[in-house]
Amino acid sequence: MVNARPAAGGGRWVDISPERLRGWLDGFYGRHDGATEEGLTLTGSSNGDTATLHPPPGATAVSTVDALLEAVARPKPIGLLLARKGAAAAGVHSGLKLVASKVERFYVQGRTAAGGWSQQRYARRRGNQTDAAVSGAADVAARVLLPVGGTVSLVCGGDRAMVDAVLEDPRLAPLVPLRHAHFLDVAEPRLNVLEEAAVVARRVRIHLVP
C-alpha cells in the first residue's frame with residue numbers, strides 16, 4: 001500500500017508497505033533515468049529530485065538502501081502502545097500478526113458547562129478519572145509489553161499527552177529507550193485499531209522533494 005501527504009517545509013511524505021518497497025525503488029530509478037545513493041537518500045539523475053527513506057521500527061540501525069531492504073524482509077518484533085483517555089491498547093507484533101494484545105476501556109466524563117462549586121467538583125472528579133485511566137493504561141502496557149522478550153522498538157499512538165503520562169510509570173522504564181520517534185494518529189483504541197496500527201507502523205516513510 002502507498003499513502004502520500006504533504007510534508008511540512010516542502011515536498012511530500014509517501015508511506016510504502018515493506019513488500020512494495022523494492023518495486024517503488026525500481027520505479028524511482030526508472031522515472032529519473034537512474035539515481036545516486038548517499039546513505040538512505042536517492043537523488044534522481046534527470047532532475048535532482050530526492051527521496052529520503054526513513055526506516056520503520058525494528059530497522060532504525062540501517063544506513064544503506066540494501067540494508068533497509070534486507071531488514072524489512074526479516075522484520076523484528078515491535079511493541080505498540082495506543083492510548084486515549086477513553087481506552088488503551090498494547091500489543092506485540094511479530095512476523096505478520098499480533099502475538100500478544102490487550103485492550104481496556106476507561107470512563108472519563110466529558111466536559112460540562114456548569115460553573116462555580118459544581119464546576120470545581122466536576123473538575124476534581126474528571127481529574128481522578130483521568131488519573132485512573134493513566135494507571136489502567138500503564139497496567140495494560142506492563143502486562144503485555146514487559147513479559148515479551150526480543151522487542152526492539154516501541155511504537156506509540158493516540159493522544160500524545162496520555163501516552164507520555166502512561167510511560168512515566170516506573171514499571172515501564174525499560175520501554176522508554178525503545179520508543180520510536182514516529183507517533184501514530186489513531187482512533188480510540190480497539191483491537192481492530194491496534195491491528196491496523198501494526199500494519200501502519202511497519203511502513204517505510206519516504207520524504208520526496210519536490
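## Second largest pocket

In this predicted model, the lining of the second largest pocket draws at least two residues from each of β1 (2–6), β10 (179–184) and α5. The pocket holds about 360 Å³ of space. It is lined by 22 residues, and those closest to its centre are Asp 15, His 182, Leu 184, Val 200 and Arg 205. By residue class, the lining comprises 12 nonpolar, 4 polar and 6 charged residues.

## Largest pocket

The largest pocket has a volume of about 430 Å³. Its lining also numbers 22 residues, with Pro 18, Val 72, Pro 75, Gly 95 and Arg 202 closest to the centre. Two elements, α2 (65–73) and α5 (191–201), give two or more residues to this lining. The largest share, 3 residues, comes from α2. In composition, the lining divides into 13 nonpolar, 4 polar and 5 charged residues.

Helix α5 thus contributes at least two residues to the lining of the second largest pocket and two or more to that of the largest pocket.

## The β7–β8 hairpin

Gly 95, one of the residues closest to the centre of the largest pocket, belongs to the turn of a hairpin formed by β7 and β8. The two strands are separated by 2 residues, and Gly 95 adopts a positive phi of about 70°. Strand β7 (residues 87–94) runs antiparallel to strand β8 (residues 97–105), and 8 bridges join them. One of the bridge pairs consists of Ser 94 and Lys 97, the latter in β8.

## Lys 76 and its surroundings

Lys 76 is placed in the loop between α2 and β6 (78–84). Its relative accessibility is 45%, so Lys 76 counts as partly exposed, a class that lies between the limits of 20% and 50%. The C-alpha atoms of Lys 76 and Gly 95 are 7.2 Å apart, although the two residues are separated by 19 residues in sequence.

Beyond its neighbours within four places in sequence, Lys 76 is in contact with Gly 58, His 93, Val 152 and Arg 202. Of these partners, Arg 202 is also among the residues closest to the centre of the largest pocket, and His 93 falls within the range of strand β7, residues 87–94.

## Ser 153, a buried loop residue

Ser 153 occupies the loop between α3 and β9. With a relative accessibility of 4%, Ser 153 counts as buried, because the limit for that class is under 20%. Setting aside neighbours within four places in sequence, the contacts of Ser 153 are Pro 57, Gly 58, Pro 77, Ile 78, Gly 79, Leu 178 and His 180. Gly 58 appears in this list and also among the contacts of Lys 76.

## Nonpolar cores

In soluble globular proteins, nonpolar side chains tend to be buried together. The largest nonpolar core in this model contains 24 residues, and Leu 81, Leu 145 and Leu 172 have the most contacts inside it. At least two residues of this core come from each of β6, β7, α3 (116–145), β9 (154–158) and α4 (160–166). Helix α3 supplies the largest share, 9 residues.

Outside the four places on either side of it in sequence, Leu 172 is in contact with Ala 138, Ala 141, Ala 142, Leu 146, Val 166 and Leu 167. Another core, of 21 residues, lies apart from the largest one and includes Trp 24, Leu 42, Val 204 and Ile 206.

Definitions and conventions: Residues are numbered from 1 along each chain as its sequence is written. This is a predicted model: local features need pLDDT of at least 70, side-chain atom pairs count only at pLDDT 80 or more; totals for chains, interfaces and linings use all residues. Side-chain values use heavy atoms; hydrogens and water are left out. Two strands pair if DSSP finds at least two bridges between them. Helices (H or I, at least four residues) and strands (E, at least two) are DSSP runs, numbered from the N terminus. On a 1 Å grid over the protein atoms alone, a cavity is a set of points where a 1.4 Å probe fits but cannot get out, and a pocket is an open set with protein on both sides within 12 Å along at least five of seven lines; lining residues have an atom within 4 Å of a point. Grid points are joined across faces, edges and corners, and a volume is the space filled by probe spheres set on the points. Ala, Val, Leu, Ile, Met, Phe, Trp, Tyr, Cys and Pro count as nonpolar, Asp, Glu, Lys and Arg as charged, and the others, Gly among them, as polar. Buried means under 20% relative accessible area, exposed over 50%, partly exposed in between (1.4 Å probe, protein chains only). Contact means heavy atoms within 4.5 Å. A nonpolar core is a set of buried Ala, Val, Leu, Ile, Met, Phe, Trp, Tyr and Cys residues joined through side-chain atoms within 4.5 Å.
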